[in-house]
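Open the model in your viewer and keep the sequence panel beside it. The stops below can be selected in order.

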Amino acid sequence: WQHAKGKYILFLDADDMLTPNALDLLSTALDQESGIHVMFGHLDTVSEDGTNRQRNPWPASGFDWHAQIAHLNQLSYAAMMRREVLERSGGYRSRDWRAEDASLWTRISSFGFRVAKATEESVLLYRLRSDSKGHLEREQHADADGDWTAWFPWRLAGDPQDGSQAMREGRRPN
């Protein structure tokens, strides 16, 4: 991202695709909402060969910071952000080798960058592959995506089950 020239940044894995209107939807939303730093949309999944497109129920209607710090990731990696988000936060951390996107969203939203869902339209076509990094990590590690909240003393949970319980109980950080 340091070599990119644009005012907005969006990451895209080589095996996934953006929908034809994704960049327009997300950049227009950022242009119109100067107080929002990161915009995201919905995602669909596709099979390995790019067929069998299906609407995924995730992500939810909006961004909930308390859910994010409760180990319930709120958005996909393919969100569009203002360049300053990466410049001021430093971007991805090498220590976050699993669920690096969830950790990034937790950190930047904890720093005060505002996140919003720009559209209910799908902007990302996420390819389901048996040899993907995420799939292999879930097979190889008992804790699926690792504790990407471990670096945050204000976290509410270290795994999705405890995170769901924290949200039901209305737990809040110290």
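This is a predicted model, in which local features need pLDDT of at least 70 and side-chain atom pairs count only at pLDDT 80 or more, while totals for chains, interfaces and linings use all residues. Residues are numbered from 1 along each chain as its sequence is written, and side-chain values use heavy atoms, with hydrogens and water left out.

**Stop 1: helix α1**

Select residues 22-32, which make up helix α1. Helices here are DSSP runs of H or I with at least four residues, strands are runs of E with at least two, and both are numbered from the N terminus. Colour Ala22, Leu26, Ser27, Ala29 and Leu30: these residues of α1 are buried. Buried means under 20% relative accessible area, exposed means over 50%, and partly exposed lies in between, using a 1.4 Å probe and protein chains only. Look down the axis of α1: its buried residues line one face of the helix, because they fall within an arc of 155 degrees. That arc is taken from the directions between the helix axis and the C-beta atoms.

What covers this buried side? The cover of the buried residues of α1 includes β1 (8-10), β2, β3 (38-46), β5 (80-82) and β6 (115-127); contact means heavy atoms within 4.5 Å. On the face of α1 turned away from the buried side, select Asp24 and Gln32, which are exposed.

**Stop 2: Leu18 and strand β2**

Next select Leu18, which sits in strand β2 (residues 17-18). Leu18 is partly exposed, at a relative accessible area of 25%. Leaving aside residues up to four places away in sequence, Leu18 touches Leu10, Leu12, Leu23 and Val123. Add Tyr126: Leu18 and Tyr126 are 108 residues apart in sequence, yet 8.6 Å apart in space, C-alpha to C-alpha.

**Stop 3: the partners of β6**

Show β2 and β6 together; they pair in the antiparallel sense over 2 bridges. Two strands pair if DSSP finds at least two bridges between them. Which residue of β6 is the bridge partner of Met17? The partner is Leu125. Now add β3, which runs parallel to β6 and is joined to β6 by 8 bridges. In this pairing, select Phe40 and find Lys117 of β6 opposite.

**Stop 4: salt bridges**

How many salt bridges does the structure hold? There are 9, each being a side-chain nitrogen of Lys or Arg within 4 Å of a carboxyl oxygen of Asp or Glu.

- Select Lys7 and Asp31: their closest N and O atoms are 3.5 Å apart. This pair links distant parts of the chain, with Lys7 in the segment before β1 and Asp31 in helix α1, 24 residues apart. Lys7 is exposed at 55% relative accessibility, whereas Asp31 is partly exposed at 47%.
- Select Arg55 and Glu120: their closest N and O atoms are 3.6 Å apart. Arg55 is in strand β4 and Glu120 in strand β6, 65 residues apart, so here too distant parts of the chain are linked. Arg55 is partly exposed at 47%, and Glu120 is partly exposed at 41%. Add Lys117 to the selection, as Arg55, Lys117 and Glu120 are linked in a network of salt bridges.
- Select Asp147 and Arg155, whose side chains meet in a salt bridge at 2.3 Å, N to O. Asp147 is partly exposed at 29% relative accessibility, and Arg155 is partly exposed at 33%.

**Stop 5: backbone checks in the loops**

Go to Trp58 and Pro59: the peptide bond between them is cis, with omega near 5 degrees. Pro59 lies in the loop between β4 (54-55) and α2 (65-68).

Asn52, in the loop between β3 and β4, has a positive phi near 60 degrees and is not glycine. His71 is another non-glycine residue with positive phi, about 65 degrees. His71 lies in the loop between α2 and β5 and is buried at 2% relative accessibility.

Ser76 is found in the loop between α2 and β5 and is buried, at 9%. Apart from residues up to four places away in sequence, Ser76 touches Leu43, Trp58, Trp105 and Leu124.

**Stop 6: an aromatic pair**

Finish with Phe152 and Trp154. The count of aromatic pairs is 1. Phe152 and Trp154 form this tilted pair, at 5.7 Å centre to centre and 50 degrees between the planes. Rings of Phe, Tyr and Trp (its six-membered ring) pair if their centres lie within 6.5 Å; planes under 30 degrees apart count as stacked, over 60 as edge-to-face and the rest as tilted. Phe152 is buried at 6% relative accessible area, whereas Trp154 is partly exposed at 30%.
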